[in-house]
Amino acid sequence: MSTHKRADATIHKIGHLLIVAGPTAAGKSTVLDNLATADPLVLRERLGVEDLPSWSRIGANRLVTSKQVQESRVILHYDFLWAPENSRATGSLGNRVPALTRGAREISLVTLWTPAVRLERQLVEGKLRKALASGWPERLKAALFRLLPRRLIRRLAAILPLESLNRLLPGHQLIHHLLLVRIYSRRERVIQLYRRWLELCDAEGSRIRNHCILEFDRELRFYSRAEWEAQALKEDDIK
């Protein structure tokens, strides 16, 4: 039996699946912590979910090879720009929504909207200026980026041959994060990525019972697709 078939059999064991999706450094874990303490009535009306602290959490980017998804209620963190096992360039989207939702009895989806300025700041502070693993290479990387002002990090990302490096070393975290500094520095590119993601979700149609767009900046704000488009246009108009 293939790995893909084994993964399908595992996914069929999920009852209610809640996918919390966003790009790298959007703040998915922070939002989940705040959703867990949100008004239960709001969550029931917006997402059809309740009692979130009792749900199992799993990283969705490696879901298709996981053998551990056997829960009735599962929350999946999904970074729609990060697939370490895939050699595609950062900033492209493959439609992995069917693989995430296949066989789940009930599906809800939260797309976390984080504007470009905040995305870039959270990426630099949370990924480049912090050691993401033990060992001296990560500590050295974090120390170096703490010394560099953000404008110089942006400049570094602009001049390095990152696409070529990404093809040579697919899935390398530092290259991925520097590529995203380049992308996040341009509001229109961030908005375009979100639009493409939402189009992929729309293509699933009836597979997803509830889909809301959520922003968190000191408080939770829920948007319809039309309301998000209005917010995105405001962002795009900022000079």
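This is a selection-by-selection tour of a predicted model.

**Stop 1: Arg129**

Begin by selecting Arg129, in the loop that runs between α5 (116–128) and α6 (136–147). Is Arg129 buried or exposed? Its relative accessible area is 15%, so Arg129 is buried, the cut-off for that class being under 20%. Next, show the backbone of Leu148: its oxygen lies 2.7 Å from a polar atom of the Arg129 side chain.

Then display the surroundings of Arg129. With neighbours within four places in sequence set aside, the residues in contact with Arg129 are Val124, Ala142, Phe145, Arg146, Leu148, Pro149, Arg150 and Ile153. Leu148 therefore appears twice at this stop, as a contact of Arg129 and as the residue whose backbone oxygen faces the Arg129 side chain at 2.7 Å.

**Stop 2: Phe145**

From that contact list, move to Phe145, which sits in helix α6. Phe145 has 3% relative accessibility and counts as buried. Which residues does Phe145 touch, not counting those up to four places away in sequence? They are Leu128, Arg129, Ile153, Leu156, Leu174 and Leu178. Ile153 is also in the contact list of Arg129.

For a distance check, pick the C-alpha atoms of Phe145 and Lys127. These two residues are 18 places apart along the chain, and their C-alpha atoms are separated by 9.8 Å.

**Stop 3: a salt bridge within α6**

Stay in helix α6 and select Glu138 and Lys141. The two form a salt bridge in which the closest N and O atoms are 3.2 Å apart. Why is the spacing along the helix about one turn? Glu138 and Lys141 are three residues apart in α6, which puts about one helical turn between them. Both Glu138 and Lys141 are buried.

**Stop 4: Glu215 and Arg118**

The whole structure contains 16 salt bridges. One of them joins the side chains of Glu215 and Arg118, with an N to O distance of 2.7 Å. Glu215 belongs to strand β5 (residues 210–216) and Arg118 to helix α5, so this pair ties together parts that are 97 residues apart in sequence. Glu215 and Arg118 are both buried.

Add Glu219 and Arg221 to the selection. Together with Arg118 and Glu215, they are linked in a network of salt bridges.

**Stop 5: Arg225 and Glu229**

Go on to helix α11 (residues 225–237), where Arg225 and Glu229 are four residues apart and separated by about one helical turn. Their salt bridge has its closest N and O atoms 3.8 Å apart. Arg225 is partly exposed, at a relative accessible area of 29%.

**Stop 6: two cysteines**

Select Cys201 and Cys212. Cys201 counts as buried at 4% relative accessibility, and Cys212 is buried too, with a relative accessible area of 5%. How many disulfides does a search of the whole structure find? The count is zero.

**Stop 7: a nonpolar surface patch**

Finish with a surface view of Leu165, Leu168 and Leu169. These residues make a nonpolar surface patch of about 280 Å². Within the patch, pick out Leu169, placed in the loop between α8 (162–168) and α9 (173–184). Its relative accessibility is 43%, so Leu169 counts as partly exposed.

Key:
Residues are numbered from 1 along each chain as its sequence is written. This is a predicted model: local features need pLDDT of at least 70, side-chain atom pairs count only at pLDDT 80 or more; totals for chains, interfaces and linings use all residues. Side-chain values use heavy atoms; hydrogens and water are left out. Helices (H or I, at least four residues) and strands (E, at least two) are DSSP runs, numbered from the N terminus. Buried means under 20% relative accessible area, exposed over 50%, partly exposed in between (1.4 Å probe, protein chains only). A polar contact is a pair of N or O atoms within 3.5 Å; within protein, one must be able to donate a hydrogen and the other to accept it, and residues adjacent in sequence count only if both atoms are side-chain atoms. Contact means heavy atoms within 4.5 Å. A disulfide is a pair of cysteine sulfur atoms within 2.5 Å. A salt bridge is a side-chain nitrogen of Lys or Arg within 4 Å of a carboxyl oxygen of Asp or Glu. Patches are made of residues with over 30% relative accessible area and no salt bridge: like charges are joined within 9 Å, nonpolar side chains (Val, Leu, Ile, Met, Phe, Trp, Tyr) within 5 Å. Accessible areas come from the Shrake-Rupley method with a 1.4 Å probe; for residues, only the protein chains shown count as cover.
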